[in-house]
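Let's take a walk through this structure together, one stop at a time. Keep the 3D view open and follow along.

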Amino acid sequence: MFTTIAVSNFKSIKDRVEINFNLPVIGNHLPQNVYINDQMTAPVVRSIGIYGANASGKSNVLMALKALEYMVTISGDLKQNELIPCYEPYELSPYTKNKQVTLEAEFYSESGTKFSFVISYIKDRIIFESLDYYPSRVKANIFLRTENDTWETIKFGGHYKGGIKRIPFFQNNSYLSKAGNNTATPSIIQDAYNFFLRKIKHLGLKEKFRLLSFGNRETVAKETAKLLSMIDTGITDITVKKIDADFSRTFPDDMPHELKEIVLEDFKYRYFFSHEDKTGDKVFLPLSKQSAGIQKLFELIPLIKSAFNDRKVIIIDELDNSIHPHIVDLIVRLFNDPEVNILGSQLLFSTHNMQLMTPEKMRRDQIFFCEKTNGSTQIYSLDDFDKKKIKTTTNYANWYDEGRFGGVPNINYLKIAAFLSTNNATETLDLSEDDIKDISNGFFE
């Protein structure tokens, strides 16, 4: 699980921003929304929701974690001199568009070890990489790599013992990626690597998961159908059918064999959803004929269920996209429920759903806002505001809607209406700001 995440110079993020799951104390407000076990030195929140206007950078914050996951788990496969595909610096400033992207994460691995990882890179090479861990309250270094280091000069800490350490790598390979995926290296490096490989699941707007990755295909389909039937979708069953058909598409020459096998395997199967007609008979319709919401839930339900069986970090961009607010509320409530989420899995999501933004459902330290200032994404927590004014009884959603926390679009209705008007567009478009204020009496400001 994560305790902190920080991002610098990535996409719309110019200056360093941080998301903090870690808490100094649990407090009295919604203590069930917090998780701690005997191996942890401080509690963490179970879920965090990120709010903000369109194009404020919410998705970019989440994509930074996808980039971090790539650097740790895949960059080790890059060939010499290949460009790093997730190098996407802030391009609206001449001072940053060729500078390094920096990603940081502090996390607990599956073994309960607390790690701190930092990596900085430019388009074709890594210029800084460091992994520390906490054998006590004081952290100790495992390895440190600076810009001019090679695999022969990288530095190792005294706690890094028990196997081969000096693994050859290219300038564009993360050392953690190379060493973590090697059975001959010390187990501590594999422990950190496996957190990124196995414990983070990212679902973007255009991403899909293989049903088979959550277990037996038919079993997962049946369990998904049961949950769909419990949320009033009218679906009573899902059946899996294998089809006999030739896959006519050709694959790129450099496409990994394993990925080809995944595509071919998935092409062989179709999913049919059972609905009852007026006579009570079952009618089976394919996934392609289900609503956008059902199709998204078909991806989400196995993912969410897996998080309650095995501790994970689930990252979902626009959780509320195509899904009813009550179902979004249900998902977040399940992650915050210690009797369901026994293992302490975390949910990090972006959303526009203000129904969640209430003190009855979310703590102040679970609500974050994205806002662009001069084209650069800033991120901050509701907990950063004056607690004497923002209390646990405050109507967060109303205050947010009024613009008191920022993170909302600045909309001038009269300008838009004038631009779209077919009768007097030319005349009204020439109105000055003062004219608009006089006409609207400040109502739309």
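Glu110 counts as exposed, because its relative accessibility is 53% and the cut-off for that label is over 50%. Keep in mind that this is a predicted model. Glu110 has a partner in Lys199: the two form a salt bridge, with the closest N and O atoms 3.6 Å apart. This pair links distant parts of the chain, with Lys199 in the loop between helix H3 (187-198) and strand S11 (200-203), and Glu110 in the loop between S6 and strand S7 (114-121), 89 residues apart. Is Lys199 buried or exposed? Lys199 counts as buried, since its relative accessibility is 7%.

Now let's look at other charged pairs. Side chains of opposite charge can pair when their charged atoms come close. Going by the salt-bridge rule used here, the count comes to 19 salt bridges. One of the pairs is Glu88 with Lys11, where the closest N and O atoms are 2.9 Å apart. Glu88 lies in the loop between H1 and S6, while Lys11 sits in the loop between strand S1 (2-8) and strand S2 (17-20), so this pair ties together parts that are 77 residues apart in sequence. Glu88 is partly exposed, with a relative accessible area of 30%. Lys11 is partly exposed as well, at 24%.

Another salt bridge brings together the side chains of Arg404 and Glu402, at 2.8 Å from N to O. Arg404 counts as partly exposed, with 47% relative accessibility, and Glu402 counts as exposed, with 52%. Back with the pair we started from, there is a bit more to tell: salt bridges that share partners join Glu110, Lys199, Asp310 and Lys312 into one network.

Next, follow the chain back to strand S1. How many of the residues of S1 are buried? The answer is 7 of the 7, so S1 is largely enclosed by the rest of the structure. Strand S1 pairs with S6 in the antiparallel sense over 6 bridges, and Val7 stands opposite Leu103 in S6. S1 also pairs with S2, again antiparallel, over 4 bridges. Here Ala6 has Glu18 in S2 as its bridge partner.

The loop between H1 and S6, where we met Glu88, has more to show. Thr96 lies in this loop, which runs between helix H1 (58-73) and strand S6 (101-108). Thr96 counts as buried, because its relative accessibility is 10% and the limit for buried is under 20%. Which residues does Thr96 touch, not counting those up to four places away in sequence? They are Asn9, Lys14, Pro89 and Tyr90.

Tyr87 also has its place in the loop between H1 and S6. Tyr87 is buried, with a relative accessible area of 14%. Leaving aside neighbours within four places in sequence, Tyr87 is in contact with Lys97, Asn98, Lys99, Val101, Tyr121, Ile122 and Lys123. To get a feel for distances, try jumping from Tyr87 to Asp253: the two are 166 residues apart along the chain, and their C-alpha atoms are separated by 24 Å.

On to a sheet. Strands of a sheet pair through backbone hydrogen bonds, either parallel or antiparallel. In this one, 3 strands form an open sheet in the order S12-S13-S14, and the pairing is antiparallel. Strand S12 (235-242) and strand S14 (282-286) stand at the edges with a single partner strand each, so one side of each is left without a neighbour in the sheet. From one strand to the next, the twist averages 30 degrees. Strand S13 (residues 269-276) and S14 pair over 5 bridges, and Ser274 has Phe284 in S14 as its bridge partner. Helix H4 (residues 217-230) packs on this sheet and touches S12 and S13; the direction of H4 makes about 160 degrees with that of S12.

Our last stop is on the surface. Ile411, Ile416, Phe419 and Leu420 make a nonpolar surface patch of about 440 Å². Of these residues, take a look at Phe419, which is found in helix H9 (residues 413-420). Phe419 counts as exposed, because its relative accessibility is 57%.

Terms used:
Residues are numbered from 1 along each chain as its sequence is written. This is a predicted model: local features need pLDDT of at least 70, side-chain atom pairs count only at pLDDT 80 or more; totals for chains, interfaces and linings use all residues. Side-chain values use heavy atoms; hydrogens and water are left out. Patches are made of residues with over 30% relative accessible area and no salt bridge: like charges are joined within 9 Å, nonpolar side chains (Val, Leu, Ile, Met, Phe, Trp, Tyr) within 5 Å. Accessible areas come from the Shrake-Rupley method with a 1.4 Å probe; for residues, only the protein chains shown count as cover. A salt bridge is a side-chain nitrogen of Lys or Arg within 4 Å of a carboxyl oxygen of Asp or Glu. Helices (H or I, at least four residues) and strands (E, at least two) are DSSP runs, numbered from the N terminus. Buried means under 20% relative accessible area, exposed over 50%, partly exposed in between (1.4 Å probe, protein chains only). Two strands pair if DSSP finds at least two bridges between them. Axes are lines fitted to C-alpha atoms, for helices over the stretch in contact, and angles run from 0 to 180 degrees between N-to-C directions. Contact means heavy atoms within 4.5 Å.
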